[in-house]
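Colleague: I would like a close look at one part of this model. Please take me through the sheet, the core beside it and the disulfides.

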Amino acid sequence: MIVNFEACRYNMSRISGGFTSPMFPGEYSDNTDCTWQINRRPNYTLELSFPVFELETSKYCNGPNCPCDYIDIVESSSENGADVFIGRYCNVSALPEVVKSNADYLKVYFHSDTNVRGNGFKALYEMKLHKEGIGQTGKITCESMTWLSISNLSQVMFVMVKQGQVALP
């Protein structure tokens, strides 16, 4: 069975989720190419992990270039459109425990060749809100009382002020 490449493209933007290779936990098909794109939300860090990773195992397939079945992980930015290659992985020993990204998009490409198959993989992702500023100290000055109207806020920060000091919750 050949999986149609156009039918194997996914675009995800939820705060957390997961995806698997086709037919997981059974064997994936030969000649399969799939793409998953995770759209990172502003002010979040994206974390990707693979709790299950069982691609083709063969002495010919575990070389540095992964000539058989593999996944590629790529970061992409909407600002310059350039892709940054994170890595190609064909066996679990080389796979990082967690891939962290602050790029606009994280893409996972899966490729299987025409020979031996594996049980595939299960990937989980989660977006974690940046915590910059929490517990930080500094100085805030205000020359006058001004009311601001701000739309499209993706994050709200509360500042508690006591005379002579500032604390961020």
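Modeller: What follows starts with the sheet and then moves to the core, the disulfides and two single residues. Keep in mind that this is a predicted model.

Start with the sheet. It is open and has four strands, in the order 2-9-4-7, with antiparallel pairing. Strand 2 covers 16–20 and strand 7 covers 99–101. Both stand at the edges with a single partner strand each, so one side of each has no neighbour in the sheet. From one strand to the next, the twist averages 20°.

Now look at one edge. Strand 4 spans residues 44–54 and pairs with strand 7 in the antiparallel sense, over three bridges. Leucine 48 stands opposite valine 99 of strand 7.

Leucine 48 also leads into the core. The largest nonpolar core has 25 residues. Those with the most contacts inside it are Phe19, Leu48, Phe50, Ile71, Ile73 and Phe121. Strand 3, strand 4, strand 5, strand 8 and strand 9 each supply at least two residues of this core. Strand 4 gives the most, with five residues.

Take phenylalanine 50 as a way in. Leaving aside neighbours within four places in sequence, phenylalanine 50 is in contact with Ile71, Ile73, Leu95, Val108, Phe121, Lys122 and Ala123. Three of these names, Ile71, Ile73 and Phe121, are also listed among the core residues with the most contacts.

Isoleucine 71 has a further link, to tyrosine 109. Tyrosine 109 lies in strand 8, residues 105–111. Tyrosine 109 and isoleucine 71 are 38 residues apart in sequence, yet 5.3 Å apart in space, C-alpha to C-alpha. Setting aside neighbours within four places in sequence, tyrosine 109 touches Cys34, Thr35, Tyr70, Ile71, Asp72 and Val74. Its relative accessible area is 27%, so tyrosine 109 is partly exposed: buried would need under 20%, and exposed over 50%.

Cys34 in that list brings us to the disulfides. A disulfide is a covalent bond between the sulfur atoms of two cysteines. The count here comes to two.

Cysteine 34 pairs with cysteine 8, their sulfur atoms 1.6 Å apart. The torsion about this S-S bond is about 85°, so the disulfide is right-handed. The pair links distant parts of the chain, 26 residues apart. Cysteine 8 sits in the segment before strand 1 (9–12), and cysteine 34 is in strand 3, residues 33–39. Both ends are buried: cysteine 8 has a relative accessible area of 2%, and cysteine 34 is at 1%.

The other disulfide joins cysteine 66 to cysteine 90, with an S to S distance of 2.3 Å. Its torsion is about -65°, so this disulfide is left-handed. Cysteine 66 lies in the loop between strand 4 and strand 5. Cysteine 90 lies in the loop between strand 6 (83–89) and strand 7, so the pair ties together parts that are 24 residues apart in sequence. Cysteine 66 is buried at 4% relative accessible area. Cysteine 90 is buried too, at 4%.

One charged residue is worth a stop. Glutamate 56 is in the loop between strand 4 and strand 5 (70–76). At 3% relative accessibility, glutamate 56 counts as buried, because the cut-off is under 20%. Glutamate 56 and asparagine 115 are 59 residues apart in sequence and 8.7 Å apart in space, C-alpha to C-alpha.

How values were computed
Residues numbered from 1 in each chain as written. Predicted model: local features only at pLDDT ≥ 70, side-chain atom pairs only at ≥ 80, totals over all residues. Heavy atoms only, no water. Pairing = 2+ DSSP bridges. Axes fitted to C-alpha atoms, helices over the stretch in contact; angles between N-to-C directions. Buried < 20%, exposed > 50% of the residue type's maximum accessible area, 1.4 Å probe, protein only. Contact = heavy atoms within 4.5 Å. Disulfide = S-S within 2.5 Å. Core = buried A, V, L, I, M, F, W, Y, C linked by side-chain atoms within 4.5 Å.
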